[in-house]
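Please open the model in your viewer and keep a selection tool at hand. The stops below go from one selection to the next, with a note on what is there at each.

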Amino acid sequence: MHWYDAELPPPGLTRAQQSARGYRRFSFRTGNIYTAAALRQWVAWALDEEKPPEEVWEDGGAFHDPYRPSVEPDGFASREHLLASRDITLAAIRTALVRADVLVFTLGLTEAWHDTGTGTVLPMCPGTVHGTFEPSRHVLHQHTVARVLDDLTAVLALARGVDSRLRTVLTVSSVPLTATATGRHALTATTHSKSVLRAAAGQLADESDWVDYFPSYEIVTGFPYRATFYEPNLRTVSPDGVAFVMRHFFRALEGDPDPAQPAPDPTTPVTGGEDQWCDDAVLDYYNPRTPVPPAR
């Protein structure tokens with residue numbers, strides 16, 4: 001099954017350069033969209049329901065987009081170039097919504113940094129990749145089931161306003177948190193976040209005939225599989241795991257009610273995988289490790 005790429009890379013870029021600039025990863029060059037709130041924000045901007053702020057981050061003569069801080073590793077040459085590039089992405093979102101038959105969205109996080117100065121949701125904390133963190137302005141929000149459900153409902157209403165035939169498939173990311181800003185342990189923060197996202201996705205699917213939930217999260221994390229589908233870092237999903245999930249997905253589309261078969265023996269572990277696209281994993285890799293004190 002193919003997916004629709006509405007924002008193709010310009011000619012002359014190598015495959016590595018395309019990847020570094022966020023091309024051919026998603027249907028448009030927004031970078032990772034971790035929260036339902038951020039998805040709603042992008043679609044509202046694309047459909048002119050809201051206006052995106054024109055604030056940019058300048059660092060040493062390079063300009064960075066607060067809402068896509070990783071799409072241009074070296075930054076944009078000017079403010080005007082940055083805003084023009086963002087307009088291209090917004091146009092790509094509009095095109096994708098017009099042409100799409102199905103919208104597939106994976107819910108990733110409930111923790112989000114909000115900019116109280118602009119009333120917007122940021123993809124990551126300012127100061128981690130680019131920008132400057134301002135405690136009085138940049139505030140952490142832990143999105144609730146109600147908030148996630150409201151954001152999903154709003155964005156899907158906007159999308160179906162463009163094409164009333166659009167169907168939606170929701171999934172929940174099976175990748176655990178590598179860190180949390182809540183002060184809790186990452187394990188409990190992961191359980192809380194995934195529970196919120198799973199509950200919101202399930203409720204929306206139950207209430208809407210045109211929304212389906214596909215249990216890739218349960219297939220990967222479920223106790224019957226004993227973490228078979230994780231790499232040794234217990235975070236990255238292995239190629240075998242992806243293949244096993246997608247085999248179930250395609251058989252479900254074909255109407256097979258019971259595609260169960262034994263989990264394959266794991267292949268040789270690979271390094272990297274989707275972690276190269278995951279912003280918090282990259283930050284975690286380059287940050288110094290904090291020694292864990294011995295148990296008492």
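Begin by selecting Arg29 and Glu7, which form a salt bridge whose closest N and O atoms are 3.9 Å apart, where a salt bridge is a side-chain nitrogen of Lys or Arg within 4 Å of a carboxyl oxygen of Asp or Glu. The pair links distant parts of the chain, since Arg29 sits in the loop between helix 1 (15-20) and helix 2 (36-46) and Glu7 in the segment before helix 1, 22 residues apart. Helices (H or I, at least four residues) and strands (E, at least two) are DSSP runs, numbered from the N terminus. Both Arg29 and Glu7 are buried; buried means under 20% relative accessible area, exposed over 50%, and partly exposed in between, with a 1.4 Å probe and protein chains only. Extend the selection to Arg21 and Glu72, and you have a network of salt bridges linking Glu7, Arg21, Arg29 and Glu72.

A word on the source: this is a predicted model, in which local features need pLDDT of at least 70 and side-chain atom pairs count only at pLDDT 80 or more, while totals for chains, interfaces and linings use all residues. Residues are numbered from 1 along each chain as its sequence is written, and side-chain values use heavy atoms, with hydrogens and water left out.

Stay in the loop between helix 1 and helix 2 and select Arg24, which also lies there. Its phi is near 60 degrees, a positive value in a residue other than glycine. Most residues other than glycine have a negative phi. Arg24 counts as partly exposed because its relative accessible area is 43%.

For a salt bridge in other surroundings, select Asp48 and Lys51, whose side chains meet at 3.8 Å, N to O. Asp48 and Lys51 are both exposed. Next, select Glu218 and Arg198, where the side chains meet in a salt bridge of 2.5 Å, N to O. This pair again links distant parts of the chain, with Glu218 in helix 6 (residues 216-221) and Arg198 in helix 5 (residues 186-207), 20 residues apart. Glu218 counts as partly exposed because its relative accessibility is 28%, and Arg198 is partly exposed, with a relative accessible area of 29%. A search of the whole structure finds 16 salt bridges.

From Arg198, widen the selection to helix 5 and add helix 4 (residues 145-162): the two axes come within 9 Å and cross at roughly 45 degrees. Here axes are lines fitted to C-alpha atoms, for helices over the stretch in contact, and angles run from 0 to 180 degrees between N-to-C directions. The angle therefore makes helix 4 oblique to helix 5, given that angles under 35 degrees count as roughly parallel, over 145 as roughly antiparallel, 65 to 115 as roughly perpendicular and the rest as oblique. The crossing is right-handed, a term for the near helix being turned clockwise from the far one by less than a right angle, left-handed being the anticlockwise case. To see the contacts (heavy atoms within 4.5 Å), show side chains including Val148, Leu152 and Leu156 in helix 4, among the residues that meet a set in helix 5 including Val196, Ala200 and Leu204.

Now turn to strand 3 (residues 102-107) and colour its two faces: Leu103, Phe105 and Leu107 form the covered face, whereas Val102, Val104 and Thr106 form the uncovered one. In a regular strand the side chains alternate between the two faces of the sheet. Add strand 7 (residues 167-172), which runs parallel to strand 3 and is joined to it by six bridges; two strands pair if DSSP finds at least two bridges between them. The bridge partner of Leu103 in strand 7 is Thr168.

A further selection is an open sheet of three strands in the order 5-4-6, with antiparallel pairing. Its edge strands are strand 5 (120-122) and strand 6 (138-142), each pairing on one side only. Three bridges join strand 4 (residues 111-115) to strand 5, and His114 has Val121 in strand 5 as its bridge partner.

Finish with Arg226, in the loop between helix 6 and helix 7 (239-253), where phi is near 50 degrees, again positive in a residue other than glycine. Arg226 counts as exposed because its relative accessibility is 76%. Zooming out, the protein has eight helices and eight strands, and 42% of its 296 residues count as buried.
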